[in-house]
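Here are a few exercises to work through with the model open in your viewer. Try each task before reading its solution.

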Amino acid sequence: MSRPRIVIVGAGFAGFRAARTLERAARGRADITLLNPTDYFLYLPLLPQVASGVLEARRVTVSLPGTLRGVRHVLGEAGRIDLDARTVHYTGPEDDTGTLSYDRLVLAAGSVNKLLPIPGVAEHAHGFRGLPEALYLRDHITRQVELAASADNAAERVARCTFAVVGAGYTGTEVAAHGQLFTDSLTRSQPSLKDLRPRWLLLDVASRVLPELDERLSRTADRVLRERGVEVRTETSVKEATPDGVLLTDGEFVDTRTLVWCVGVRPDPLVDSLGLPLERGRLLVGPTLQVPGRPEVFACGDAAAVPDLENPGQYTPMTAQHAWRQGQVAGRNVAASLGGGEPRPYRHRNLGFVVDLGGAQAAADPLGIPLSGVPAGLVTRGYHLAAMPGNRVRVAADWLLDAVLPRQSVQLGLVRSWSVPLDTASPELARVPGGRRAASSGPGAAHTGDTGNSSAPLVAPSTGTPKNPRPDTPSEGGQ
Ligand SMILES: Cc1cc2nc3c(=O)[nH]c(=O)nc-3n(C[C@H](O)[C@H](O)[C@H](O)COP(=O)(O)OP(=O)(O)OC[C@H]3O[C@@H](n4cnc5c(N)ncnc54)[C@H](O)[C@@H]3O)c2cc1C
């Protein structure tokens, strides 16, 4: 008898864990294929530290071939899935196409930046959902400080040293907290900026930072941010973004060249194309993570609406904690469906949250115990090291180096503004000139200071269509 074919789409928290669980359960008795556009698992929670120069980019990646040896890796993005024929059609990195047949399918394609219909935002803001965006932001911030240092005009210096972050969930809060430390260190090496303290604004429509977390964490984060000099503006958002700055909902116009969009995420548009029932854009599954009426299809992580058995009537939030554990349950239940035991429902109680605020500061509530200051910092970093499925020593080494050496103020300029548009179904990949994903709706580089020395054109030729047509999916806050 031929071995069952299992295809997993997406190698993030959920897909990576599902693959690892299945690899161990199957022991060579099944063909496990992992389809992912990159050859690495990305540890997203440490992305703010990449953008602020604490960690080098490869530290937050874990090689798929290096860790999942019993799994076949296919580089590519799923485009069309034929549920009746049980096939997944994909496009590879060199625009080659292929088809994978399956007996069991695990959908774990994650999420993408959430957009709001605010004039100018799609053109002038950058998201924070993938490694290219983090690399872009690190370079962009460094470049703004360097351009400010050489500017004759005081207004330009101030504008270039002003940074606006929208969305005070854990992503935006960490980006602003780390960002202020980063720009403070950059300006220290610029004598002409010695009298100019970079200005960071953190905006949110909610009445407190970290609105989705325990209030005690919000209070800690709010205090640390304000003490550090970040302007926390709650109940405030952006009314319009322009090449020169942002108009806030309270009427103030802020001159800036940097708008970081961290208002949340929405499920990857891939799930919308299946024609299956959705819950606010996420693929509806039962407690065993199977799609109703399609028992051979499983879904988990941000892309799936998983009933929260701890909070009946609700769905589990889009967090790494849930995605990681759902991946394990999906892996076990796939094995069970192939004769390896009984399927189990997904059930998980929140174990707390950690928010790294840079330096020795953090806000954390492990097992519901609120912590701040150095203890929270230690718990937070210890948690990340324990949670990473690899590369721990390199991450710890970077933290150690960052504690004793100044940050490197060098911009490589390899990721251009137009190659990381906010509106993309593939935040994990930077667009390339002339490629299939070349910008089709403009470069969005108007105020982003892409004046570096790369020979890449500022406006990419529009030669193709993006991976998935962008459906008008209802959005889901992941922050
Ligand atoms: C900056 C940031 C910080 C965060 N910090 C925290 C935190 O501190 N704690 C926490 O709990 N959560 C955090 N989150 C949220 C958490 O990272 C997500 O909830 C989690 O990554 C979801 O896991 P996932 O497997 O569903 O998706 P992902 O981890 O995003 O993985 C999805 C995978 O699918 C791939 N993929 C996408 N489309 C396709 C396709 N068409 N074909 C093939 N592959 C595809 C992607 O490349 C990716 O590898 C953070 C998120 C961000 C962006």
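**Exercise 1: a small sheet**

Start from one residue pair: Asp 356 has Ala 362, in E25, as its bridge partner. Keep in mind that the model is predicted.

Task: How many bridges join E24 to strand E25, and in what order do the strands of the open sheet come?

Solution. Step one: E24 and strand E25 (residues 362–364) run antiparallel and are joined by three bridges. Step two: put the sheet together, and you get three strands in the order E24-E25-E26, open, with antiparallel pairing. Step three: look at the edges. Strand E24 (354–356) and strand E26 (371–372) each have a single partner strand, so each has one side left without a neighbour in the sheet.

**Exercise 2: helices across the sheet**

Task: Which helices lie across E24, E25 and E26, and at what angles to E25?

Solution. Take helix H8 (residues 215–228): it lies across E24, E25 and E26, running at about 175 degrees to E25. Then go to helix H10 (residues 373–387), which also lies across those strands, running at about 75 degrees to E25.

**Exercise 3: a hairpin**

Task: Find the residue with a positive phi in the hairpin of E6 and E7.

Solution. First, the pairing: E6 and strand E7 (residues 87–91) are antiparallel, with five bridges. One of the partnerships is Glu 77 with Thr 91 in E7. Next, check the turn: four residues sit between the strands, and Arg 86 takes a positive phi near 55 degrees.

**Exercise 4: around the ligand**

Task: How many residues surround the ligand, and which are the closest?

Solution. Count the shell and you get 34 residues, the closest being Gly 10, Gly 12, Gly 110, Gly 301 and Ala 323. Now sort by element: those giving two or more residues are helix H1 (13–26), strand E2 (31–36), strand E6 (77–82), helix H7 (170–188) and helix H9 (320–337). By type, the shell splits into 19 nonpolar, 10 polar and five charged residues. Finally, by domain: domain 1 (5–37 + 76–111 + 266–337) and domain 2 (121–263 + 353–419) each give at least three residues to the shell.

**Exercise 5: the whole chain**

Task: Why can the protein chain be called as compact as a globular protein of its length?

Solution. Begin with an inventory: 11 helices and 26 strands. The radius of gyration is 22 Å, close to the 23 Å from the globule rule for 479 residues, so the chain is as compact as a globular protein of that length. For scale, the C-alpha trace spans about 75 × 55 × 40 Å along its principal axes, and the C-alpha centres of domain 1 and domain 2 are 32 Å apart.

Terms used. Residues are numbered from 1 along each chain as its sequence is written. This is a predicted model: local features need pLDDT of at least 70, side-chain atom pairs count only at pLDDT 80 or more; totals for chains, interfaces and linings use all residues. A residue is near a molecule or strand if its C-beta atom, placed from the backbone, lies within 6 Å of it. Ala, Val, Leu, Ile, Met, Phe, Trp, Tyr, Cys and Pro count as nonpolar, Asp, Glu, Lys and Arg as charged, and the others, Gly among them, as polar. Domain bounds come from an automatic or database domain assignment. Two strands pair if DSSP finds at least two bridges between them. Two residues are in contact if their C-beta atoms, placed from the backbone, lie within 7 Å. Axes are lines fitted to C-alpha atoms, for helices over the stretch in contact, and angles run from 0 to 180 degrees between N-to-C directions. The radius of gyration is taken over C-alpha atoms; the globule rule is 2.2 Å times the number of residues to the power 0.38.
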